[in-house]
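Open the model in your viewer and switch to a cartoon display. Keep the sequence panel visible.

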Amino acid sequence: MSQEIIHVYFMPGMAANPTIFENIQLPEDIFKIHWLEWEIPYKNESLSAYAKRMTEFIKHENVVLLGVSFGGILVQEMSKHISLRKLIIVSSVKSKHELPKRMKIAKYTKAYKALPTSLVIKIDILAKYAFGKSAVKRLDLYKKYLSVTEPYYLDWAIKHVVCWNQEKPIPGVIHIQGEKDAVFPHKYIKDCITIKNATHVMIINRFKWFNKNLPKLILE
């Protein structure tokens with residue numbers, strides 16, 4: 001008797017398009033990969049309402065949801081509206097307590113409102129916020145991944161990262177974090193699978209690790 005196919009939905013990070021997953025390969029006799037893309041939020045749309053709207057793109061039952069960075073926050077919110085086989089976050093956080101100090105300060109000072117996203121979007125600024133300062137050195141590579149540059153979306157996304165109010169981790173979430181993540185530093189993260197020397201962009205440059213280990217993480 002053939003095994004039922006497991007559908008795995010991938011959600012990219014803030015401002016990124018799903019080509020960040022182009023090198024992720026899972027055994028096709030067991031898994032079917034689906035890429036999700038960012039929608040432009042409605043005016044004043046809450047993160048919870050946005051997450052519920054995004055579940056409309058999930059076309060199968062009992063799926064695996066994997067999200068990267070802000071996409072990891074989003075899939076956690078989506079999991080509150082649908083039943084999942086597995087919830088996996090990469091280069092992300094499980095609660096507001098894992099956010100770095102600079103983001104906590106930005107929340108209380110409302111400094112995030114001063115970011116110049118309403119001006120002409122510069123890819124170097126966007127790369128720094130989406131991938132970390134070191135990404136600026138590799139702009140040509142990241143230009144193809146950072147395609148969601150609508151200012152309203154960026155304002156909305158930055159606000160909902162900084163102001164995410166989740167108190168406790170969702171039970172059973174699998175958290176994979178790079179040891180040298182500059183956006184969500186490893187020192188603030190608890191209960192995760194640590195990838196040695198990996199950065200915030202490990203879904204791109206450590207894809208071989210994911211290809212090797214995701215199947216067993218999903219099936220266990």
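The stops below go from the whole chain to the sheet, then to two helices and two single residues.

**Before starting**

This is a predicted model, in which local features need pLDDT of at least 70, side-chain atom pairs count only at pLDDT 80 or more, and totals for chains, interfaces and linings use all residues. Residues are numbered from 1 along each chain as its sequence is written, and side-chain values use heavy atoms, with hydrogens and water left out.

**Stop 1: the whole protein**

Select everything. The protein has 8 helices and 6 strands. Helices (H or I, at least four residues) and strands (E, at least two) are DSSP runs, numbered from the N terminus. Read from that end, the order of elements is β-β-α-β-α-β-α-α-α-α-β-β-α-α.

Of the 220 residues, 51% are buried. Buried means under 20% relative accessible area, exposed over 50%, and partly exposed in between (1.4 Å probe, protein chains only). Now show the surface. About 11300 Å² is exposed, and carbon and sulfur atoms supply 53% of it. Such areas come from the Shrake-Rupley method with a 1.4 Å probe; for residues, only the protein chains shown count as cover.

**Stop 2: the sheet**

Hide the surface and select the strands. In what order do the 6 strands lie in the sheet? The order is β2-β1-β3-β4-β5-β6, in an open sheet with parallel pairing. The edge strands, β2 and β6 (193-195), each pair on one side only. From one strand to the next, the twist averages 20°. Two strands pair if DSSP finds at least two bridges between them. Strands of a sheet pair through backbone hydrogen bonds, either parallel or antiparallel.

**Stop 3: strand β1**

Select residues 6-11. In β1, 6 of 6 residues are buried. Ile6, Val8 and Phe10 point one way, while His7, Tyr9 and Met11 point the other way. In a regular strand the side chains alternate between the two faces of the sheet.

Add residues 31-35, which are strand β2; β1 and β2 pair in the parallel sense over 5 bridges. His7 has Lys32 of β2 as its bridge partner. With β3, strand β1 forms 4 bridges, also parallel, and Tyr9 stands opposite Leu65 there. Then select 84-90, strand β4, which pairs with β3 in the parallel sense over 6 bridges. Lys86 in β4 is the bridge partner of Val64.

**Stop 4: two helices**

Select 207-219, helix α8. This helix lies across β1, β2, β3, β4, β5 (174-178) and β6, at about 145° to β4. Axes are lines fitted to C-alpha atoms, for helices over the stretch in contact, and angles run from 0 to 180 degrees between N-to-C directions.

Next select α6, residues 151-162. Its buried residues include Tyr153, Leu154 and Trp156.

**Stop 5: Arg53 and Thr55**

Select Arg53, in helix α1. Is Arg53 buried or exposed? Arg53 counts as buried because its relative accessibility is 13%. Leaving aside neighbours within four places in sequence, Arg53 is in contact (heavy atoms within 4.5 Å) with Glu39, Ile40, Pro41, Tyr42 and Glu45. The C-alpha atoms of Arg53 and Glu39 are 9.4 Å apart, with their positions 14 residues apart along the chain.

Finish at Thr55, in the loop between α1 (47-54) and β3 (63-68). Thr55 counts as buried because its relative accessibility is 12%. A polar atom of the Thr55 side chain lies 2.5 Å from the backbone oxygen of Lys52. Leaving aside neighbours within four places in sequence, Thr55 is in contact with Met78, His81 and Ile82.

Methods. A polar contact is a pair of N or O atoms within 3.5 Å; within protein, one must be able to donate a hydrogen and the other to accept it, and residues adjacent in sequence count only if both atoms are side-chain atoms.
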